Structure formats: C-alpha cells, structure tokens
Amino acid sequence: MEKKIRLALVAGGKSGEREVSLAGAKEVEQALSREKYEVRRYDPATDLARLAADAGKIDMAFILLHGPLGEDGTMQGFLDLLGIPYQGAGVLGSALAMDKNLAKILYQQAGLTVAPWEMAQPEDQKNPRRLLEHLSLPVVIKPLRQGSSLGMSLARSEEELVQGLAKACTFDSEVMVEQYVRGREITGGALGNKELTALPLVEIIPGEEYAFFDYQAKYQPGASREVCPAELPPEVTARAQEIALAAHRALQLKGYSRTDMIVADDGIYVLETNTIPGMTPTSLLPQAAAAHGLSFPDLLDRLIELALAGR
Ligand SMILES: Nc1ncnc2c1ncn2[C@@H]1O[C@H](COP(=O)(O)OP(=O)(O)O)[C@@H](O)[C@H]1O
Ligand SMILES: [Mg+2]
C-alpha cells in the first residue's frame with residue numbers, strides 16, 4: 001500500500017471568521033479519505049509551536065482559515081519558513097487578495113471593471129461630503145481586509161454613511177467606500193495551476209429581508225438561494241468565467257480561488273477574490289466543483305494534488 005500523506009489541517013485561528021473556519025474543518029476532516037491521508041489538526045490560536053515542532057513529520061498543510069492572520073499570507077509565510085507545502089495562493093497572492101484596495105487596482109490594470117471607490121480618511125466621519133463628490137448614494141462601506149461581510153454596511157444617506165464608517169473602523173484601520181452596484185450577484189471559481197479551469201458559476205439570491213449578502217444572509221441556512229449553474233445568457237456566462245480566471249491571474253493566485261461579481265446592466269463588476277473560499281459541502285466553490293463533476297472529496301484530493309505538484 002502506498003504511504004499515506006501526512007496532512008496538517010490548519011483551522012480555527014483568531015479572526016472574526018473563526019467559527020466559519022472550524023465548521024468547515026469539521027466537514028473537510030470527515031470528507032478526507034482515511035486511506036490516503038493521515039490528518040492532524042492544528043489551531044493557530046494555540047498550536048503554532050506544535051506545528052513548527054512537527055514540521056519534519058508533515059507532508060503538507062491544508063489551510064482552512066478565513067480573513068486576517070490566515071487567508072492573508074501570514075500562515076502561508078509561516079508554512080514557507082517551515083518548508084511545508086499548502087493548497088492555494090502563496091504569500092504575495094494571499095496578501096494582495098486580502099487587501100480590497102490593491103486587489104481593485106490590479107483588476108483595473110488587467111482590464112476588468114470594478115465599482116468606483118474611495119479610501120476613507122479619518123476626517124470623513126465628521127464630514128462625509130468629500131466621499132460623495134465622486135460617489136453617489138447608495139454606497140457600500142467596507143473594512144479593507146475582512147471577509148464574510150464583517151464590518152460592512154450599505155448606506156442610503158449621509159447619516160448611514162457616517163454610521164457605516166464608524167462601524168467599519170472597529171474592524172480595520174483602513175476602510176473603503178464603494179459605489180453600490182445594482183445587479184445579479186454571481187461567484188466564479190478557478191481551479192488549477194498553470195492550466196486553469198473556470199468552474200460553473202453560482203448565482204446568489206439573498207432573501208428579500210437582506211439589503212445585501214451580509215454575514216447572516218451568508219451563513220443562516222435558507223437565508224439565501226443559490227443557483228448553480230447560474231442561469232445567465234451563454235455570452236454572459238462565458239465572459240464571467242473569463243473574468244474569474246483573469247482576476248485569479250491578476251492577483252498572482254495558485255491552485256484555486258473564487259471571485260465575487262455583480263452582473264449589472266452595463267457590464268460585469270468584480271467585487272473581490274477569495275483565496276480560501278468556504279469549504280463545507282454546501283459552500284459556493286464546492287457546489288460549483290460538484291456541478292463540474294468533482295464531488296467534495298474529489299475536490300479536496302485535487303487541491304492536495306495541485307499543492308504537491310509544485311507551483
Ligand atoms: N459595490 C457593491 N454593490 C453591491 N453590493 C455589494 C458591493 N460590494 C459588496 N456588496 C455585497 O456585499 C457582499 C460582501 O462583499 P465582498 O466585497 O464580497 O466582501 P467579503 O470579503 O466580505 O465577502 C457581496 O457579496 C455583495 O452582496
Ligand atoms: Mg465576498
């Protein structure tokens with residue numbers, strides 16, 4: 001029998017998405033083949049020293065962390081130092097994708113369409129007019145480096161804008177304000193190393209009570225409807241899949257990614273790219289992989305294979 005791959009499943013951590021990470025890890029651990037892998041769990045909140053001590057006995061890590069200190073290149077750098085390969089983007093790509101401002105600059109550079117945006121300044125909280133010189137209400141306020149819509153809000157008035165800025169500031173020292181784009185929300189997965197495959201698109205339809213795809217709409221069962229493959233005209237599908245691959249390349253990503261987009265009347269807008277997308281069997285990327293013929297365990301095998309194949 002072939003030797004088992006000794007896999008470190010790294011999940012938990014200290015970000016606002018700790019619970020999402022742990023829930024995903026439970027599902028991943030269950031789905032990983034016992035014949036192929038010997039799995040050990042490490043939680044960065046408590047187990048970094050143990051991970052470093054065990055490095056010689058680990059063939060690869062599967063990082064299932066979302067948000068700062070996990071999805072942003074820090075864990076990737078730690079594993080690089082320890083000589084442990086891992087799935088998905090490296091230090092640079094992870095850091096670029098986590099920074100919504102730099103990511104948008106790179107998308108633009110690659111010819112992709114993004115919603116107009118402004119970086120908030122501390123004085124904007126007293127006088128938000130400056131922000132509305134180039135943007136018009138409604139706007140979306142986002143902490144620069146978060147996920148799961150944490151700290152985000154939608155503002156329809158100057159008053160809500162001020163409140164939104166105050167809220168976002170408690171999640172990150174840097175905050176951006178983006179033009180609200182009306183349209184259909186879709187997400188597009190990319191899978192592969194040099195040869196990249198665009199996965200079928202998923203459309204996300206938040207329930208009517210949600211102004212946007214917020215934390216609750218994302219994780220409360222039944223709060224949103226997901227359609228995969230998304231029912232869009234073929235030319236829109238083709239273009240959105242192309243955009244998902246272009247975004248992946250623009251941010252220097254590896255292995256896989258999932259790009260959130262809005263299909264509006266005047267084009268397809270890129271919102272952001274996730275380098276460690278949610279990983280329960282019903283999460284968006286696993287759904288898209290399933291529509292592509294890859295079951296959840298198959299998808300995990302593929303990600304591990306891509307990581308071990310080198311870059
Ligand atoms: N400019 C925008 N216009 C309309 N809706 C938006 C915009 N930006 C974000 N949203 C909504 O907020 C959600 C979260 O935003 P996103 O940029 O994907 O950040 P996160 O990293 O938190 O997922 C999106 O899925 C979408 O529903
Ligand atoms: Mg998103």
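How many helices and how many strands does the secondary structure of the chain come to?

## Overall make-up

This is a predicted model. The chain's secondary structure comes to 11 helices and 13 strands. The chain has a radius of gyration of 19 Å, close to the 19 Å that the globule rule gives for 311 residues, so it is as compact as a globular protein of that length.

Taken along the principal axes, the box filled by the C-alpha atoms is roughly 65 × 45 × 35 Å. Of the 311 residues in the chain, 44% are buried. Among contacts between residues at least 6 apart in sequence, 68% join residues at least 24 apart.

## Domains

The chain is divided into three parts: domain 1 covers residues 5–86, domain 2 covers 96–113 + 181–308, and domain 3 covers 117–179. Domain 2 is thus written as two segments, 96–113 and 181–308, and the range of domain 3, 117–179, falls between them in the numbering.

## Contact between domain 2 and domain 3

The centres of domain 2 and domain 3, taken over C-alpha atoms, are 24 Å apart. Where the two meet, 13 residues of domain 2 are in contact with 13 residues of domain 3.

On the side of domain 2 that touches domain 3, the elements giving two or more residues are α5 (100–109) and α8 (215–219). Helix α5 gives the most to this side, with 3 residues. By character, the residues on this side of domain 2 divide into 6 nonpolar, 2 polar and 5 charged.

## A three-stranded sheet

One open sheet has 3 strands in the order β2-β1-β3, and the pairing is parallel. Its edge strands are β2 (37–42) and β3 (60–64), each of which pairs on one side only. In this sheet the twist averages 25° from one strand to the next.

Strand β1 spans residues 5–11 and is joined to β3 by 5 bridges, with the two strands running parallel. Within this part of the sheet, A11 stands opposite L64, a residue of β3. The position of A11 is also the end of the range given for β1, 5–11, and L64 closes the range given for β3, 60–64.

## Summary

The chain holds 11 helices and 13 strands and is divided into domain 1, domain 2 and domain 3. Domain 2 meets domain 3 through 13 residues on each side, with α5 giving the most on the domain 2 side. The open sheet described above runs β2-β1-β3 with parallel pairing.

How values were computed:
Residues numbered from 1 in each chain as written. Chains lettered and ligands numbered in written order. Predicted model: local features only at pLDDT ≥ 70, side-chain atom pairs only at ≥ 80, totals over all residues. Domains from an automatic or database assignment. Contact = placed C-beta atoms within 7 Å. Helix = DSSP H or I, 4+ residues; strand = E, 2+ residues; numbered from the N terminus. Nonpolar A, V, L, I, M, F, W, Y, C, P; charged D, E, K, R; others polar. Pairing = 2+ DSSP bridges. Axes fitted to C-alpha atoms, helices over the stretch in contact; angles between N-to-C directions. Rg over C-alpha atoms; globule rule 2.2 N^0.38 Å. Buried ≥ 20, exposed ≤ 12 C-beta atoms within 10 Å, placed from the backbone.
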